[in-house]
Amino acid sequence: MSKPKTSAKKKGAAAPKRDNFNSLTWHKLRDSAGNVCSFPGCHVHTHGASSDGEGTVGIGVACHIKAAAPGGPRYDERQTKDQRKHSDNGIWMCQTHSKLIDADDSAFEVETLRQWKRDAEARSNSLLNQKSFTEKEVKVAAEQGSVDLLHRFVNRANDPLETPVAEIVKGYESNLENLDSRFTVEVNKSGNHYTHVIQAAQDKVSIDLVLQNLDKLDDFWASQKAFVEEGRELRIPGKHFELKGSKLFDAIQQKANGVGQGVLTIGGVKKPIAANLYIRTDGGSEVFIESFTCYYTSGTMRTVFEGSALEGFIAIKAHCSHEGQDHQFDLSFNVEPWKGKNILELPRFARLLKAAQLMDKGRLVFELEVGSNAAAFDSKSSMSSDEFHAQLQWVILYLDVARKIAEQCDKPVLLHELDFDYQLYKELKKYVKLLAGPIHTQQTPGFVCSGVLNEYEPGAMERAQSRGCSSQIKLAQEDSLVFGLFGTVIRAPRREYIYTGVETLYFSDIEERGEPRVEIHATPETSVVVQLQPSEAWTVLDDWDGSELPAVID
Ligand SMILES: [Zn+2]
């Protein structure tokens, strides 16, 4: 060990001293990578017999993650010699890829290489005790139709449809077809799943579906009825059915049951259909709200339509009996899908509001476009229709008031919490009226308020009375309204009341002339203007600090 050190010194300072891996570490790196290059997707085997069979050939390299010497890629001067030489600092590569990561200007970062290393180790571990095949062997297997071998190859790769052998999928498909030539098989990849589309290749293909122990399945008979009568999806877990009469289905079921995930799904082919939602009044006027897509399934008894409009806000379910009776139409609304949205950006809100304003005299109607005809379902036919419309109307009107307030606020109001507070709604409606401008009202004659003049200047009272003024008085709310609107805390400007034409009565104690009291009375001539204090704004408070009380409502 000491000899190479001296020889390195002799070569001079130009060649920096390298902290190389020792033989033990080198072997450890090779074995934990499974003697395969760790570069993603490379998978090249790095050792084998030489072509003459006389010796072995190795093309593997133990590379440093953080460089072995100063100036190398990813060199870390804080590393000790031992850390630099440790197997933790190494990664196993083929010749080609070792050059790529060992280049002085290598762009690969330490964490990238560590990830490759972890992946390679996981892969090598998963291949332990597995058979290995060359690409050539797999191609031959595909041609010969060796399902068994192909299966093993498919299981071995992380993603069978991205294996280097394109033929494998075709071969796999045709081999499944060979199991039962009455069917065609197509394999499709979608995300990390691959699906087998199996279709009958001839007119009459029968296989037996044997169902067992169905009584142990919750709701099976109800689901079965829905399947027959309405074409709804019917799901039967693997333990409860057997498909008899086809080797293909035998194979599929065996495989599915092997992983304990077999579920037979029958029917449930949902077909899309264009639908419109609008409101129609008894007087015949209509407000269109939205066009959307509905889905339907059909069985022996009736057709079932399901869909949702306004990004999930309104859900529609309709039954349509084939015999012409027993139509049922249910609407429901749910604010949940709108959660997180800015309340000023709710879908089609303007139209929804228009509809809500007509809801006292009208009903929601949902129309299906069947060919060139339109089949309309009037929600009047639904059971709790009135209740539904009243609720929906209130929620929309509430949102409308909230939106008018949000327009005034300095920050966006998002639909965080779904709370609708009727008391707050009534109070906010008063504020919304004032947003349009001051409101003039009358006041019943009589006492309005009283107070103490605490900044009293001797003689001022007399002067005021002699001028006959002070017939106008401004009163402001003592506290601002602080309230939560869908999880955002807002402070409203204070309301102020300006009384004109009031009568002012001054009192003063003979003994305490310094503190005269004043009483304001309204007369038949008194008029009142209510307005929001012009100097105050609608403010979104970042925190509810508790010092200001929430919504004080009288
Ligand atoms: Zn490689």
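**Notes on a three-stranded sheet and a helix pair**

1. A good place to begin is Leu485, which stands opposite Thr488 of strand 22. Please keep in mind that this is a predicted model.

2. Leu485 and Thr488 face each other where strand 21 and strand 22 (residues 488-491) run antiparallel, joined by four bridges. As a reminder, strands in a sheet pair through backbone hydrogen bonds, in either a parallel or an antiparallel way.

3. Stepping back to the sheet as a whole, you will find three strands in the order 21-22-25, forming an open sheet with antiparallel pairing. At its edges lie strand 21 (482-485) and strand 25 (539-541), each of which pairs on one side only. From one strand to the next, the twist averages 40°.

4. Now to the helices. How do helix 12 and helix 13 cross? The axes of helix 12 (residues 385-408) and helix 13 (residues 422-435) come within 10 Å, with a crossing angle of roughly 50°. Angles under 35 degrees would count as roughly parallel and 65 to 115 as roughly perpendicular, so helix 12 is oblique to helix 13. The crossing in which helix 12 passes helix 13 is left-handed.

5. It is worth displaying the side chains here. Helix 12 brings Tyr398, Val401, Lys404, Ile405 and Gln408 to the contact, and these meet Tyr425, Leu428, Lys429, Val432 and Leu435 of helix 13. By class, the residues of this contact comprise seven nonpolar, one polar and two charged. The residues listed include a lysine from each helix, Lys404 in helix 12 and Lys429 in helix 13.

Note on methods:
Residues numbered from 1 in each chain as written. Predicted model: local features only at pLDDT ≥ 70, side-chain atom pairs only at ≥ 80, totals over all residues. Axes fitted to C-alpha atoms, helices over the stretch in contact; angles between N-to-C directions. Helix = DSSP H or I, 4+ residues; strand = E, 2+ residues; numbered from the N terminus. Parallel < 35°, antiparallel > 145°, perpendicular 65-115°, else oblique. Left-handed = near helix turned anticlockwise from the far one by under 90°. Contact = placed C-beta atoms within 7 Å. Nonpolar A, V, L, I, M, F, W, Y, C, P; charged D, E, K, R; others polar. Pairing = 2+ DSSP bridges.
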